[in-house]
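Me: Please take me through this structure piece by piece. I shall ask brief questions as we go.

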Amino acid sequence: MTKREIKARKSSVPSGITATQSRSTKPSSGEVSDLFREGLQLSVEEETQLAQGLEKGLAYFNQWNESRMELAFDSFDLSMKRALYEIIYLLHINDPKLENWKYKTYQPSNPRNHNEQEKTACLYLRDAPFGVKAIDRISSVFKEEFEDYVLETFGEPIPTPQDNSNPAIEGLYSIGSIGTVGHKNIDSDLDLQVQYNLEPSDTNPADWNDGLILEKLKRVLKGYQQKVLKQETIAKEVMPPESLKRKADRMARHKLKAAFPFLYQQLITKERNICTEIRRKNSQKLKRQLVFEIVRLMSDTSDGEELKNREELLVSRIKSIQNYVTDKFPDAEIYLFSFSRENLQKGSFGSTVESKESSGGAYELILNYETLFPGIFFTPVVPSHFLFSQDINNAPDQFARLNEQIRFGLLKGYDSVAGLINDQGPTPDLTPGYVADHSAAAYWEAFKGSSGNLPKATLNLLRFEMLLEADLNKTNIQMVKNPDCIDGLILPSRPEQEKKHHRSEFPFPIGPYLFSTDETKIPVEYNDAGQEMIFPPDRMKDFEEKHPKLKQDPWWLRYKSLKIAYGRPGLVPDVPDSAIPKISDTIDLAFALHIRISDVFTKPGNTGASLRHREQVLTDYLAEVFPNDSPQRHRLHATFVGDVKTVNEFEKDLREIFQSSVDRIHEKVSKPNAGEKNKSSDEEQIWYHYYKKSFQAPPNVIQKSILNHLQVPRGRLQIGYKAESGWFFKSLQKSQSMNRRFQSSVIDLLPDEIILVEHPHFLSGLVYCVINGYYGIFNRGRLDETKTAIEYDRQNINVGSTKDNELAFLRPDQIDRIMESILEAFPERKVSYLDCISKERAINEVMIFLNLMKFGQLSILYRDNFNTYYADQFILANFEKNTNTYIASYEKMFKSSEINLVLNRFFLSRSINPDKISLNAWVNPNSVQTSHASPQLKAKEIMLADAFRETIKAFKQPE
């Protein structure tokens, strides 16, 4: 069959797909069912409000979603597109032909890909739910390309929705940066939320009759009876005494009557003809109650155990699709997250007590409204919250009723789009009390900032603090739907000619800002000290006018809201006026890092005429906020390339702002009646404890860099020593990309020489380079695989002491072996941070260095069970007195009473038993004489290390 012939069969059902038999659509008579099918009579005001909401909301959503989808596909490479197409198709079908699906790894950069060995994947799972809702109405942005690719790859057209009347997948949409100014071309991964619903969502009341409704009532009654019997501890298989049966029936009937009073009287006892009464009185109030009872009754259509089994099958198959796509498209970073409609509505994303990587229990609905709702919908569904006014979104009961009425065809005007509407829950105003109940989120961000991305964590924390204030607590999805919702808080800058010139300690020149005092309502200059913001919010409005798509960009809107909230005194209480310029400046720099503005560093003078939307925005943003040759631009460049002094200053600012925000949050949520109910006590306990213990690390802790984008192996690592400042470690050449897809422009921007760390002890500097990945292998597995080369700065090699230079110095190859031994002694380890609420901090690994770059010094590297590295240095004061003896006999050196005393104190003070930890040692081979020849230096190192370790273990431990 030709491709054209196959394409012509799009309306046919492919093999393996069984069309669900539809029930008769001929209406069945019955007083209750007939009355239900007549629908509800709304007031003119209600009909007008809903009609306007539908028209405006649908138009706005479609325009917003299509705009962002176009931006996303403009940045997707071929691997990402094809992987996405296969995911959508595989979610839509569950065909036996996929049980042994043959494929080859897709590598567009490899012209010999066709010679690779064929692989097999099992993509069929019997009885697993499948089907993507409204797949025939997929976006025109990729519809034709998607259909052609499916035909070419799978040999059959995409099944139409009629082939599966109850599709399991209600929506497939992105999470994160995709389609925003933060969407890095090619480099961004794609997190996809797979939202499913295994209960029938498209219900057709046309074939209902009163007998069907009565049967459903009886099933509910039977379920109530079983619950009563279970409460009476009567096993299912044992027939209960008649008295208990009567008791269970009586209690169940009472409960059924309370839940469905009209239906109970009409169909069970027949003591009252509600339908006749409604028609006689023409009572819309009575009719509404009856209709809502029917909706509630018919909404519950699944067996709990059966639903659980189907859900397990679906989740399992989604995982198999994930594994297949990951293997077939290694260049496309796509991750699938399966999620039920019910959990999405509740904001149930998993708690820290269930998974150390989950913040859902800390954030709940805040996470929902801040991160997950503003995604690109790749399947054609529209969230119902877009179609209703904010008043309805703020009324959960009314919102739920309207969604049910749409589902059952009771609302006029919604018929044509009912199959596309997805109930993901409302987007209400979050009360400050609700936010206060989730203050564990602040301490969660402290954990993320300590162990990962501090700039991003700081932005997230400031957003959380905003939500505690009634004037500022608009969530991200609310700002998407109403981009100007807090713009009224923006005040104008003063004209340039009216500025007062003050002596300022703040080095960045921008316009003074005005605000109206509560007492006088007269505009005054907000900062008498003359400390002024770089990029005030009113200039952001002009920037939006130049780039109107930003008004629908969730990442930009979050940034703008932060600039507004922390750009005007008094909006966030207890933020000192004098702190505002630094906070505003830090927000700019953190946001620039987050969206990786370095992507346009290499395009000076570019007009943007031929650039993508993101690049146009970044180019103009760079010129506006970080003008060329300005202090701001120099600081930005220095931060991006990892200049140590600049990065340290930036980290200092971040930590100061972060801790001040945490303190303010803690103060606010600790007030009486601040919250409504304590939903996140577990997370509070975990992360508050972690914050207090770990956010500000003691001086002997070796911390990772806050700039994750620079944590890549370097070609050459140069080490030097300056008498006035100490050791320094430099990267001397640009690193090559480790992954063909991730050819980061940030790495390309690295200067030929840059200091990675300076002023530490020698051991601390080595370990810092190891844990940040500066030392390692790049282009792994390729012909040009290379390892970091170690060398000295020949101009800065004298450590200031003849004895140290001769007896404690090392050759580069020895340093290389030390770094390898550190990697071996401290292997990568997954840590459960839940331990911090149930376990004391304990030391797991210790490595002891003798005479490392200083004769008569013990350097001790150790790591605890929370993956924190420490380095301590101990000077052995009397060691040099016995230099000649120790050089001649390493045994006498190792048994030195001074070494014994220092190590015993160290072990005792940190509750370490050397016999119960991983203990390693290293001794400078230049400090002792042995029988080893010069070429046997490595063997000498191993022998000395083993002997020193055994001597340490033999030390008598103090009682």
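**A sheet of three strands**

Me: How many bridges join E3 to strand E4, and how do the two run, parallel or antiparallel?

Reply: E3 and strand E4 (residues 190-196) run antiparallel and are joined by six bridges. Helices (H or I, at least four residues) and strands (E, at least two) are DSSP runs, numbered from the N terminus. Two strands pair if DSSP finds at least two bridges between them.

Me: What is the bridge partner of Leu 172 in E4?

Reply: Leu 172 is matched with Val 194.

Me: What is the order of the sheet, and which strands are at its edges?

Reply: The order is E3-E4-E5, in an open sheet of three strands with mixed pairing. The edges are E3 (169-175) and E5 (334-340), each of which pairs on one side only. On average, neighbouring strands here are turned by 25° against each other, direction ignored. For such angles, axes are lines fitted to C-alpha atoms (for helices, over the stretch in contact), and angles run from 0 to 180 degrees between N-to-C directions.

**Confidence**

Me: Before we continue, what kind of model is this, and how are its residues numbered?

Reply: The model is predicted, so to speak of its terms: local features need pLDDT of at least 70 and side-chain atom pairs count only at pLDDT 80 or more, while totals for chains, interfaces and linings use all residues. Residues are numbered from 1 along each chain as its sequence is written, and side-chain values use heavy atoms, with hydrogens and water left out.

Me: What is the mean pLDDT, and where does pLDDT stay under 50?

Reply: The mean pLDDT (the predictor's confidence in each residue, from 0 to 100) is 82 for the protein, and 82% of its residues reach 70 or more. Residues 1-28 stay under 50 throughout, and the model has 51 contacts (heavy atoms within 4.5 Å) beyond four places in sequence for them. Residues 735-746 are also below 50, with 41 contacts in the model beyond near neighbours in sequence.

Me: How many helices and strands does the protein have?

Reply: There are 35 helices and 20 strands. Of the 959 residues, 55% are buried; buried means under 20% relative accessible area, exposed over 50%, and partly exposed in between (1.4 Å probe, protein chains only). Among contacts with a separation of 6 or more, 74% are between residues 24 or more positions apart.

**Strand E18**

Me: Now to E18. Why is it described as largely enclosed by the rest of the structure?

Reply: Eight of the eight residues of E18 (residues 857-864) are buried, so the strand is largely enclosed by the rest of the structure.

Me: Which residues point each way?

Reply: Gln 857, Ser 859, Leu 861 and Arg 863 point one way, Leu 858, Ile 860, Tyr 862 and Asp 864 the other, and all are buried. In a regular strand the side chains alternate between the two faces of the sheet.

Me: Which strands pair with E18?

Reply: E17 (residues 843-850) pairs with E18 in the antiparallel sense over seven bridges, with Leu 850 opposite Leu 858. Six residues lie between these strands in a hairpin, and Asn 851 in the turn has a positive phi of about 65°. E19 (residues 869-875) pairs with E18 over seven bridges, also antiparallel, and Leu 861 stands opposite Ala 871. That hairpin has four residues between its strands, and Asn 867 takes a positive phi near 70°.

**Helices and loops**

Me: At what angle do H19 and H22 pack?

Reply: H19 (residues 454-467) and H22 (residues 554-565) pack at about 65°, with axes 10 Å apart. The crossing is left-handed: the near helix is turned anticlockwise from the far one by less than a right angle, whereas clockwise would be right-handed.

Me: Which residues meet there?

Reply: Leu 459, Asn 460, Leu 462, Arg 463 and Met 466 in H19 meet Arg 558, Ser 561, Leu 562 and Ala 565 in H22.

Me: Next, Asp 574: where does it lie, and is it buried or exposed?

Reply: Asp 574 lies in the loop between H22 and H23 (580-594) and is exposed, at 63% relative accessible area.

Me: And what is the phi of Asp 127?

Reply: Asp 127 has a positive phi of about 70° although it is not a glycine. This residue is in the loop between E2 (119-121) and H5 (143-154).
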